[in-house]
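Good morning, colleagues, and thank you for your attention. I would ask you to look at the structure as I speak.

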Amino acid sequence: MALPAPAPDRTAVVTGASSGIGAEIARELVRRGHGVTLVARRGDKLAELAAEVRGSGVRAEVLTADLSDRGARAGLYEQVTALGLVPDILVNNAGLSTLGPVASSDPDAEMNMVEVDVMAVTDLCSRFVGPMVERGRGGILNVASTAAFQPLPGQAGYGACKAFVLSYTRSLGGELRGTGVTATALCPGPVDTGFGDTAGFAKEDAALPAFMWESAEAVAKCGVAGLDKGRPVAIPGPANRVAAMFAHLTPKALLVPILASRHPGLRDD
Ligand SMILES: NC(=O)c1ccc[n+]([C@@H]2O[C@H](COP(=O)([O-])OP(=O)(O)OC[C@H]3O[C@@H](n4cnc5c(N)ncnc54)[C@H](OP(=O)(O)O)[C@@H]3O)[C@@H](O)[C@H]2O)c1
């Protein structure tokens, strides 16, 4: 089923649109004629992107919000409709990872990650999907990761967050059959964005071969195309599709020790 048609009073809400994959998803939606509502904490970055979008003749709004804050999340749907806009598309892209063993983790940082990666996705879907079903049209794109297909020692919380997003989105898609609303989980492999800096590792530390890396633009195109086709899951790049399948099927008793021995967040050096 195709995405809802763009219209001047309709918008695609994109969280985490201030950088990386979220900014590129917003640009890809704009290329297809969709107005966008850009959400993140860094209002200056959102304003820059909104100006670029408006320059192409498409409507763009900026809503600054800290998605780890329940109160901020609770007001988001009404903030969009108060602008006179109907949110036909919701992209839950905002996310981050911590790095390192659970034994030496910072509880506040771990809880912040769960709030943004899991709670915000659940919260916003819960608020936006019902009205979409009532209208008989809509699209949800939740950004998970290839980490969703396997445990991830060294980023244990992050891997579990993304496994949640994948499972939740698949279930949501099953519930939505026949409603005119679809849900797609976008599962990128490694992408060179601000993500590594936030987590605390450099690209060269990631121990992943060059052919697995995809650009944020390619990831965005894959996600929006998957959403447009009503696919339950979109994995950018053939190498990442094979790796995700391999990780999913390999007995975890074999896989986990290998992953733990290779992860940069668990190295002693
Ligand atoms: N890069 C990768 O290798 C990779 C691979 C697989 C999946 N992903 C997923 O892709 C998504 C986007 O990541 P990215 O690679 O584009 O990284 P990024 O460039 O660091 O972007 C992360 C976005 O999330 C927003 N964000 C973080 N915390 C927030 C909060 N408390 N409230 C509101 N917004 C918040 C950031 O905006 P502000 O800082 O302005 O708030 C930023 O726009 C994430 O869900 C990530 O898990 C990334």
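**Helix packing and two selected residues**

Let me begin with a contact between two helices. In H4, the residues Glu110, Met113, Val114, Asp117, Val118, Val121, Thr122, Cys125, Ser126 and Val129 meet Gly157, Tyr158, Cys161, Lys162, Phe164, Val165, Tyr168 and Leu172 of H5. By character, the residues of this contact comprise twelve nonpolar, three polar and three charged. I should state at once that the model before you is a predicted one.

How are two packed helices described? The angle between their axes and the distance between the axes serve this purpose. Here, H4 covers residues 107-135 and H5 covers residues 156-175; their axes come within 9 Å and cross at roughly 10 degrees. Angles under 35 degrees count as roughly parallel, and H4 is therefore roughly parallel to H5.

I turn now to helix H7. This helix runs over residues 216-228, 13 residues in total, and spans 18 Å from its first C-alpha to its last, close to the 18 Å expected at 1.5 Å a residue. Which residues of H7 are buried? They are Ala216, Val219, Ala220, Gly223, Val224, Gly226 and Leu227. Viewed down the axis of H7, these buried residues fall within an arc of 155 degrees, and so they line one face of the helix. In general, an α-helix has 3.6 residues a turn, so residues three or four places apart point the same way.

What do the buried residues of H7 pack against? Their partners are helix H1 (20-31) and the strands E4 (86-92), E5 (138-143), E6 (181-186) and E7 (233-234). After H7 comes Gly230, which has a positive phi, near 70 degrees.

One residue of helix H1 deserves a separate word, namely Glu24. Is Glu24 buried or exposed? Its relative accessibility is 17%, and because buried means under 20%, Glu24 counts as buried. Setting aside neighbours within four places in sequence, Glu24 is in contact with Ala216, Glu217 and Ala220. Of these partners, Ala216 and Ala220 are among the buried residues of H7 named earlier.

Finally, I draw your attention to Phe195, in helix H6, residues 195-199. Phe195 has 26% relative accessibility and therefore counts as partly exposed. Not counting residues up to four places away in sequence, Phe195 touches Leu96, Ser97 and Tyr158. Tyr158 belongs to the H5 side of the contact with which I began. Phe195 and Ser19 are 176 residues apart in sequence, while their C-alpha atoms are 9.3 Å apart in space.

Key: Residues are numbered from 1 along each chain as its sequence is written. This is a predicted model: local features need pLDDT of at least 70, side-chain atom pairs count only at pLDDT 80 or more; totals for chains, interfaces and linings use all residues. Side-chain values use heavy atoms; hydrogens and water are left out. Helices (H or I, at least four residues) and strands (E, at least two) are DSSP runs, numbered from the N terminus. The expected span of a helix is 1.5 Å times one less than its number of residues. Buried means under 20% relative accessible area, exposed over 50%, partly exposed in between (1.4 Å probe, protein chains only). The arc is that of the directions from the helix axis to the C-beta atoms. Contact means heavy atoms within 4.5 Å. Axes are lines fitted to C-alpha atoms, for helices over the stretch in contact, and angles run from 0 to 180 degrees between N-to-C directions. Angles under 35 degrees count as roughly parallel, over 145 as roughly antiparallel, 65 to 115 as roughly perpendicular and the rest as oblique. Ala, Val, Leu, Ile, Met, Phe, Trp, Tyr, Cys and Pro count as nonpolar, Asp, Glu, Lys and Arg as charged, and the others, Gly among them, as polar.
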